[in-house]
Amino acid sequence: MTKPKEKIEEKKAELLKLTIEFSKQFLNEEYEGVIEKLINKMARKRDIPFLSGRIEIWAAAVIHALGTINFLFDKSSQPYVSATEIFEYFGTKQSTTSQKSKKIRDMFNMTYFDSNFSIESVVQGSPFNNLSIVNGLIVPQDILNDQQIEIEEWEIQAAQILGISGLERGNKYKASYMDKLLNVKETSLMSFYEYLLQHMIFPFTALYEEEVGPLEIAEFEVSCIHLDQEMKVDENYGILVEGRLGRKKVILPLASIKLDEGHKNFKWIDLYQEWFWSYR
């Protein structure tokens, strides 16, 4: 009997073989790098998508997902491959492949000029290279580099949790410097995770919002059992918490949990969410 880890490696190797062969025939080395990166990330998910279903469908979906955000289907781009050629090469249906492709893109929040999955030539041509987002606003990088901001108390607290010292109340700092200093990444998420693990009290009940349709948000009451102890953090969703929704076990992003201000865990979650949404 094949053990779970062996099955994962077996399927991953098969998926890599199919997609890299396609890339060598139709794409280039730039694509080979992001193909391997995407498949490795898929293999590290809690529920690994390519363990079920035809591996050819997942191979076509990987190429289609990466091609979508890298303008592969634009005849003015190089390389250029039509979506139909992908379906025909792997022997898959358009509807099935497109659905799997969207699932992959949603899974990793893949977008145009994506910093994780864009090929180098697309990154270099990005119109956003000289732009940054500050408090939800898009501003030119040269303006941002000169902008001085007065930091807030929560930013000093967050810095201390991340092991950063030297920030002083009332002082002004460049926004670009603060963005680099408090940037949300795997290492800083783990620092926050370890801190919250020591300070939060479980179990507790909270509200969780989820998009259930176009412009439709549903609110659920969830019992939070503890911070997730297996995956711990996700580079897109941040710190994860394990909970119960009725009898169903759920893993939710802590950044989307809502608590009343009087709750014993409110100050910790509020601090984490301020940092996560401001510096991700």
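Here is a short chat about the aromatic rings in this predicted model.

Reader: How many aromatic pairs are there?
Author: The count comes to 16 aromatic pairs.

Reader: What makes Phe26 and Tyr89 an aromatic pair, and why is it called edge-to-face?
Author: Their ring centres are 5.6 Å apart and the planes make 90 degrees. Pairing needs centres within 6.5 Å, and edge-to-face needs planes over 60 degrees apart, so both labels apply.

Reader: What does the pair of Phe26 and Tyr89 tie together?
Author: Phe26 sits in helix H1 (residues 4-26) and Tyr89 in helix H4 (residues 83-90), so the contact joins parts 63 residues apart in sequence.

Reader: Why is Phe26 called partly exposed?
Author: Its relative accessible area is 26%. Partly exposed runs between the 20% and 50% cut-offs, so the name fits. Tyr89, at 31%, is partly exposed too.

Reader: How do you know that Phe276 and Trp277 are edge-to-face?
Author: The planes of Phe276 and Trp277 are 80 degrees apart, with 5.0 Å centre to centre. Over 60 degrees counts as edge-to-face, so that settles it.

Reader: Are Phe276 and Trp277 buried or exposed?
Author: Phe276 is buried, with a relative accessible area of 1%, while Trp277 is partly exposed at 48%. Buried means under 20% and exposed means over 50%, so Trp277 doesn't reach the exposed class.

Reader: Which residues do ring pairs link into a cluster?
Author: That would be Phe192, Tyr272, Trp275, Phe276 and Trp277.

Reader: Where does Lys37 lie?
Author: Lys37 is over the face of Phe117, 5.9 Å from the ring centre. The distance limit is 6 Å, so Lys37 meets that part of the rule.

Notes: Residues numbered from 1 in each chain as written. Predicted model: local features only at pLDDT ≥ 70, side-chain atom pairs only at ≥ 80, totals over all residues. Heavy atoms only, no water. Phe/Tyr/Trp six-rings, centres within 6.5 Å; stacked < 30°, edge-to-face > 60°. Helix = DSSP H or I, 4+ residues; strand = E, 2+ residues; numbered from the N terminus. Buried < 20%, exposed > 50% of the residue type's maximum accessible area, 1.4 Å probe, protein only. Lys NZ or Arg CZ within 6 Å of the ring centre and 35° of its normal.
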